Amino acid sequence: MADPRFFSVAGPFTLARLAEVSGAELAPGTDPATEFFDVAPLDRAGARDVSFLDNRKYTDVFSTSKAGACIVSPELAERAPAGMALLVSRDPYRAYARVAQAFYPSLPPEPGVAPSATVDPSAKLAADCRVEHHAVVGAGAEIGHRCLIGPNAVIGAGVVLGDDCIVGANVTVSHAIIGSRVNLYPGVRIGQDGFGFAMGPQGHLKVPQLGRVVIGDDVEVGANTTIDRGAGPDTIIGSGCMIDNLVQIGHNVQMGRGCVIVAQSGISGSSHLGDFVAVGGQAGITGHLRLGTGARVAGQSGVMRDVDPGETVGGSPAVAMKDWLRQSAMLAKMVKKKG
Amino acid sequence: MADPRFFSVAGPFTLARLAEVSGAELAPGTDPATEFFDVAPLDRAGARDVSFLDNRKYTDVFSTSKAGACIVSPELAERAPAGMALLVSRDPYRAYARVAQAFYPSLPPEPGVAPSATVDPSAKLAADCRVEHHAVVGAGAEIGHRCLIGPNAVIGAGVVLGDDCIVGANVTVSHAIIGSRVNLYPGVRIGQDGFGFAMGPQGHLKVPQLGRVVIGDDVEVGANTTIDRGAGPDTIIGSGCMIDNLVQIGHNVQMGRGCVIVAQSGISGSSHLGDFVAVGGQAGITGHLRLGTGARVAGQSGVMRDVDPGETVGGSPAVAMKDWLRQSAMLAKMVKKKG
Amino acid sequence: MADPRFFSVAGPFTLARLAEVSGAELAPGTDPATEFFDVAPLDRAGARDVSFLDNRKYTDVFSTSKAGACIVSPELAERAPAGMALLVSRDPYRAYARVAQAFYPSLPPEPGVAPSATVDPSAKLAADCRVEHHAVVGAGAEIGHRCLIGPNAVIGAGVVLGDDCIVGANVTVSHAIIGSRVNLYPGVRIGQDGFGFAMGPQGHLKVPQLGRVVIGDDVEVGANTTIDRGAGPDTIIGSGCMIDNLVQIGHNVQMGRGCVIVAQSGISGSSHLGDFVAVGGQAGITGHLRLGTGARVAGQSGVMRDVDPGETVGGSPAVAMKDWLRQSAMLAKMVKKKG
């Protein structure tokens, strides 16, 4: 059970309701009226909990789990211990997400502006927003319905936020137009100057950064991630992108829909990513490149050339994934021979 | 045109004035009295805008641009579309920087201390500074003319800032002596303890960090970058250094003038960089090394030895750049043969 | 001498007292009653200062140092200049840590809650804590004795802190149970959602993150480091861990006692580290791995497999350290032959 100091659980829900919510199917012989009270990991779940199995690595844990019910793929269902109710799904993780969201729903914030917050009189704030302690909302900012502005967050002048956004504690946003259902985690920095200057032995000369950051809907931006505003064009983050912690996104970058950018990776200025591009942790993409739709970049790669749609690359400098795996295998073999 | 919610444009300016400001020369047959109203990227500029071409990659965009005027190098001038006024410069990006600064000048902040800010009575603050909402200025701090202390920024006790500095929102500075025209982007952390402790199986023992961070003039420090104070010696950042986002600079590091440190790179404790050293993105430099004046480190490199003045290195572990390129090419070739 | 704007020095102390404090032995012929007034680096120390030599690289500086006393290993003692008093120790850095702590002791904060801070009435705060300007302490939080909550820090609802903790400026903590003597540097983010969602072409579906962050005693977490809370299990940081700046620790990670994690490294979700694991700077560890007690990971490595207790690995993908060194040497040689 999730720690009640931090979480409130809804429910209980019958198996029938959980099947409906998740799109999973009840295994034959299961009583759809059985009630469940919570979700829990396989190794900690009890008779009244629903769990899930998504990674084959944990099949043994599954086989000895005391969970009352479990979401599982058809292939692994037969490994279930006796007496466990099964919710069978081709995508158990997605089904679990729905079930967990039912038990732990996201609720809109309680409306109100903390007396210690500073909201400029010219800002337009929907009446059902919540602005926490010591937050600052600048002149002319526009903030949609049911937004939560966390404590000590700073929303700069003119910034636009859609509906149902969460701006975490100690976040800074400036020069940005942001859609709905966007979640900025604590410490995110959006809209500061890009790294643009004319280098020279007589001193580096700053170039005014005149673009914005434009973010679509349903985007998450991880803790302490930085997204610079454009130099002239905008920096654009498409709808549905998931960006992890400590990521750097340079000026003029354009990302399509549904990209997934894992922690500590960096995308240099003016590179364009198509839809559903996936970038592994600590990978780097140099500037002015194009990565096609569905391109995939392995963790720690250094991408220095365009990547075709659907192509997977790895290594530094990054090459086709199969070539990178061969390089690694070949090096390992050569060292062994010598050894 | 830059979004007026975020930017105010000055001007208009005649071509003669822009030539003077930028050091560029007007191409023959151009009317120096023509007025221009803004800067814009090549693909969005119109008849009243000035644009620039700095990267050969965008020559085609240049050739079809509708910009009324463009800053361009002598070599590429002939690729201009008919009717475009040309400002010819050997360094078009630097010339553009001057023109853009004319249209979008940096203005000193409007003086004043927000009522919600907390300035210690013993701090010395020039009367023309601006201190934003909920910022904190500690005991004995000294802040020069026309500084801007952003919302929720924290300036620790005894910190010294010169003139015309910008401290971004949610920045933390302690134990630091900082020059003039220094710009700390949102979320920067300066002056915290370095990573210094005596390791041991009975527990790691913290070593008091007794130095400072000393920063020269005309330095930029990118968002969420961290600069630790010295352990006994100071951590020193020379004048004119440009440091990007999410960079880590360890205790006792010394950087000369005009160094350029790209995002997510890290410089470990006690390493010394000469003047105008350039470090690529996600590169790492281990501790106690010396990088000579003008040394260059490729992105994602791992530098584990001293680097000579003017030398360029790449790879992890880093070797001379030409050797790294050969290694990469050789590996690619060997894999192909086998394939 | 440390800058008095930032540091207050205790003392003076006799050599006898410093030997006692540090466990070092006075070299024969040294007067134990001589008083010393400060610590200083070898190249800046004077007759009344104590210095130390820990790195052979600086032996020449040692031999010409004007320090009145120096902590040194038995092997290097003979390289001392004439007249220098010697404190001889098998672990000079640890002995120096003790001496420096004597001169610069950590003092408990002056109790008090700044009027601009916001402490929820239901929070339990020991009377001897200090809460700085604009800090926020949420509902039901419990904070032990002598804690310092820095300016603009945000402690979320229900968070528990033990005794003698330091929460730096602009820190954010939520969903966390934290031990005693824990030091969170400025900009640390603890307890935000892990990077958990079910990917899919119809959109990525967020998975509620229902665990916590549990931190032991005597832990340091560096500036702008991010530690995500567990997805269901907790994220666990063992007692005595030292975590540097800009580190990413994913959900469900478990770290044993005394681990050392250098700057900008990342540990992906659900990986388990034993006791005293050391991870070099900018290294990455993929998810669901196990690193045994005393395992060591070289800087910039990419670990994609389990690591045995005591094993050292390097490279990306990481292999046994000796194999990585061989790979690097072999590549260097091959390139030279061709050249």
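**Figure 1. A cis proline in the loop between β39 and β40 of chain C.** In this predicted model, P317(C) sits in the loop that runs between β39 (312-314) and β40 (319-320) of chain C. Look at the bond leading into this proline: S316(C) and P317(C) are joined by a cis peptide bond, with omega at about 5°. Chain A offers a view to set beside it, with P317(A) placed in the loop between β39 (312-314) and β40 (319-320) of chain A. There, the peptide bond from S316(A) to P317(A) is cis, and its omega is near 0°.

**Figure 2. Helix α1 of chain C and its buried residues.** Helix α1 of chain C spans residues 15-22, and its buried residues are L15(C), L18(C), A19(C) and S22(C). Why do they lie on the same side of α1(C)? The four cover an arc of only 100° around the axis, which puts them on the same side of the helix. The background is simple helix geometry: an α-helix has 3.6 residues a turn, so residues three or four places apart point the same way. Follow the chain just past α1(C) and you meet G23(C), which takes a positive phi of about 75°.

**Figure 3. L246(B), a residue with positive phi in a loop of chain B.** L246(B) belongs to the loop between β28 (242-243) and β29 (248-249) of chain B. Its phi is near 55°, a positive value in a residue other than glycine. Is L246(B) buried or exposed? With 29 other C-beta atoms within 10 Å, L246(B) is buried, because 20 or more such neighbours count as buried.

**Figure 4. H288(B), with positive phi in the loop between β35 and β36.** This view moves to the loop between β35 (284-285) and β36 (290-291) of chain B, where H288(B) lies. H288(B) is a residue other than glycine with a positive phi, near 60°. Its surroundings hold 14 other C-beta atoms within 10 Å, so H288(B) is partly exposed.

**Figure 5. D323(A) in helix α4 of chain A, with its contacts in chain B.** D323(A) has its place in helix α4 (residues 321-338) of chain A. It counts as partly exposed because it has 19 C-beta neighbours inside 10 Å. Which residues does D323(A) contact, leaving aside its neighbours within four places in sequence? They are A332(B) and V335(B). For a sense of scale within chain A, the C-alpha atoms of D323(A) and P233(A) are separated by 36 Å, with these positions 90 residues apart along the chain.

**Figure 6. The contact between chain C and chain A.** Here 47 residues from chain C meet 51 residues from chain A. On the side of chain C that touches chain A, β22 (197-198), β23 (205-206) and α4 (321-338) each supply at least two residues. Helix α4(C) gives the most, with 4 residues. Sorted by class, this side of chain C has 15 nonpolar, 26 polar and 6 charged residues.

**Figure 7. Chain B superposed on chain C.** A rotation of 120°, with 0.0 Å of shift along its axis, brings chain B onto chain C with an RMSD of 0.0 Å. The two copies are thus related as by a three-fold rotation axis. Only 15% of the interface residues of chain B are also interface residues in chain C, so the copies meet through different surfaces.

Notes:
Residues are numbered from 1 along each chain as its sequence is written. Chains are lettered from A and ligands numbered from 1 in the order in which they are written. This is a predicted model: local features need pLDDT of at least 70, side-chain atom pairs count only at pLDDT 80 or more; totals for chains, interfaces and linings use all residues. A residue is buried if 20 or more other C-beta atoms lie within 10 Å of its own, exposed if 12 or fewer, and partly exposed in between; C-beta atoms are placed from the backbone. Two residues are in contact if their C-beta atoms, placed from the backbone, lie within 7 Å. The arc is that of the directions from the helix axis to the C-beta atoms. Ala, Val, Leu, Ile, Met, Phe, Trp, Tyr, Cys and Pro count as nonpolar, Asp, Glu, Lys and Arg as charged, and the others, Gly among them, as polar. Copies are superposed by least squares on the C-alpha atoms of residues with pLDDT of at least 70 in both.
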